[in-house]
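This briefing goes from the central sheet to the chain as a whole, and then to a few individual residues. Please keep the sequence and the structure in view while reading.

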Amino acid sequence: MPPNLRLITAAMAALLLFLTHSTASHPQFLEAPAFRNGNSCAPPHDNSSNVHVAMTLDYSTPYLRGSVAAVLSVLQHSTCPENTVFHFLAIPHHHPHLRSTIAATFPYLRFHLYSFNPTTVIHLISSSIRRALDQPLNYARIYLGDLLPPSLTRIIYLDSDLIVVDDIAKLWQISLGPHVLGAPQYCHANFTHYFTPKFWSTPFFAAAFRRRTPCYFNTGVMVIDMIKWRREGFTQKLEHWMKIQKRYRIYELGSLPPFLLVFAGNVEPVEHRWNQHGLGGDNLEGLCRDLHPGPVSLLHWSGKGKPWLRLDAKRACTLDNLWAPYDLFRHQRLISDS
């Protein structure tokens with residue numbers, strides 16, 4: 001074969017391999033239906049009626065799949081889905097693909113995409129008990145005050161591994177009272193488990209909870225007053241504890257402990273129905289768990305076990321089947337048949 005022809009053939013083979021890999025690596029989703037659930041919804045341009053939801057978008061298939069399911073669940077159960085505005089945080093060079101994916105999956109969705117640069121936080125991240133907890137996007141919630149526009153005065157932050165089965169406007173409308181943050185609290189939890197013995201044996205560290213009674217709360221569902229957040233510098237307060245962690249190793253659980261250190265004991269209680277968390281089991285085994293007693297408005301697969309992974313592996317927990325109807329991921333078989 002002539003040298004030039006060999007080069008052309010090799011180039012074409014490389015191009016074909018690249019295109020095949022690119023197509024395979026880009027998750028594809030079915031188009032979601034348009035929901036128009038209410039008869040008396042305010043026009044979308046009436047900003048006073050809008051509900052604002054912040055989430056991260058991970059380029060990797062598993063968590064993007066979870067985010068898409070979460071968005072679908074919010075829209076499907078909202079009385080006025082057209083009044084819900086999503087604010088997505090993502091790594092900048094992933095924006096073009098993520099934007100086109102979300103727009104194609106949710107043609108009627110009102111959303112904005114914001115750049116989160118991993119270098120903002122990567123130097124502050126300490127290794128934790130699970131690798132997924134160490135990803136920079138897991139810390140993006142700390143920077144909501146910097147990333148979102150100043151005109152946004154309140155936000156609901158949601159993780160990617162949950163579904164909402166109630167009208168999210170009910171959560172939006174809660175009163176935060178004098179607090180900057182509202183979330184379901186669990187005061188029966190053994191709070192000492194979230195920090196190392198070094199933390200509790202060092203008076204300077206343990207004094208962080210002096211004059212307040214801390215309760216555990218999960219940071220995957222939070223209602224935040226962005227005015228107070230910015231005014232009182234909570235991003236810097238969270239970073240302060242991350243810097244201490246880098247030097248002294250006072251906890252093992254990623255981005256959760258800084259929030260507990262800054263906010264626990266000063267959180268507006270929200271009904272437990274709005275974060276039935278822990279459905280993914282613990283951070284090591286990820287075994288099946290049941291719901292907590294009481295009503296349910298939001299199911300959250302925090303922990304190691306994710307419903308899409310267990311469903312694909314044919315090892316689903318009972319509650320994973322509640323997540324499945326919101327899964328819009330196009331498996332290879334569906335793509336081939338379409």
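Two strands are taken to pair if DSSP finds at least two bridges between them. On that basis this predicted model contains an open sheet of seven strands, in the order 3-2-1-4-9-6-10 and with mixed pairing. Strand 3 (110-115) and strand 10 (268-269) stand at the edges with a single partner strand each, so one side of each is left without a neighbour in the sheet. Strands of a sheet pair through backbone hydrogen bonds, either parallel or antiparallel.

**Strand 9 and its partners**

- Strand 9 covers residues 221-225, and because five of its five residues are buried, strand 9 is largely enclosed by the rest of the structure.
- Cover is found on both faces of strand 9, with Val221, Val223 and Asp225 buried on one side and Met222 and Ile224 buried on the other.
- Strand 4 (residues 154-158) runs antiparallel to strand 9 and is joined to it by five bridges; within this pairing Ile156 stands opposite Val223, while the bridge partner of Ile155 in strand 9 is Ile224.
- Strand 6 (residues 181-183) also runs antiparallel to strand 9, with two bridges joining them, and here Leu181 has Ile224 as its bridge partner in strand 9.
- Ile224 therefore appears in both pairings, as the bridge partner of Ile155 of strand 4 and of Leu181 of strand 6.

**Strand 4 and its link to strand 1**

- Strand 4 is mostly covered, since five of its five residues are buried.
- From strand 4, the residues Arg154, Ile156 and Leu158 point one way, whereas Ile155 and Tyr157 point the other way, and all of them are buried.
- Strand 1 (residues 51-56) runs parallel to strand 4 and is joined to it by two bridges, with Val53 standing opposite Ile156 of strand 4.
- Ile156 thus has Val53 opposite it in the pairing with strand 1 and Val223 opposite it in the pairing with strand 9.

**The chain as a whole**

- The secondary structure of the protein chain comes to 13 helices and eleven strands.
- For 338 residues a compact globule would have a radius of gyration near 20 Å, and the 22 Å of the protein chain agrees with this; along its principal axes the C-alpha trace spans about 80 × 55 × 40 Å.
- Of the 338 residues in the protein chain, 52% are buried, and the accessible surface comes to about 16,300 Å², with 57% of it belonging to carbon and sulfur atoms.
- When contacts between residues at least 6 apart in sequence are considered, 75% of them join residues at least 24 apart.
- The protein chain carries 31 positive and 23 negative charges, and the mean positions of these two groups are 7 Å apart.

**Loop residues with positive phi**

- Most residues other than glycine have a negative phi, and most peptide bonds are trans.
- Arg211, although not a glycine, has a positive phi of about 65°; this residue lies in the loop between helix 7 (203-206) and strand 8 (216-217).
- With a relative accessibility of 78%, Arg211 counts as exposed, because the cut-off for that class is over 50%.
- Arg249, likewise a residue other than glycine, has a positive phi near 55°, and its place is in the loop between helix 9 and helix 10 (256-263).
- The relative accessible area of Arg249 is 28%, so Arg249 is partly exposed.

**Glu232, between two helices**

- Glu232 is found in the loop that lies between helix 8 (226-231) and helix 9 (234-248).
- At 36% relative accessibility, Glu232 counts as partly exposed, a class that lies between the buried limit of under 20% and the exposed limit of over 50%.
- Glu232 and Val180 are separated by 52 residues in sequence, whereas their C-alpha atoms are 9.3 Å apart in space.

Note on methods:
Residues are numbered from 1 along each chain as its sequence is written. This is a predicted model: local features need pLDDT of at least 70, side-chain atom pairs count only at pLDDT 80 or more; totals for chains, interfaces and linings use all residues. Side-chain values use heavy atoms; hydrogens and water are left out. Helices (H or I, at least four residues) and strands (E, at least two) are DSSP runs, numbered from the N terminus. The radius of gyration is taken over C-alpha atoms; the globule rule is 2.2 Å times the number of residues to the power 0.38. Buried means under 20% relative accessible area, exposed over 50%, partly exposed in between (1.4 Å probe, protein chains only). Contact means heavy atoms within 4.5 Å. Accessible areas come from the Shrake-Rupley method with a 1.4 Å probe; for residues, only the protein chains shown count as cover. Lys and Arg count as positive and Asp and Glu as negative; His and the chain ends are not counted. The place of a charge is taken as NZ of Lys, CZ of Arg, CG of Asp or CD of Glu.
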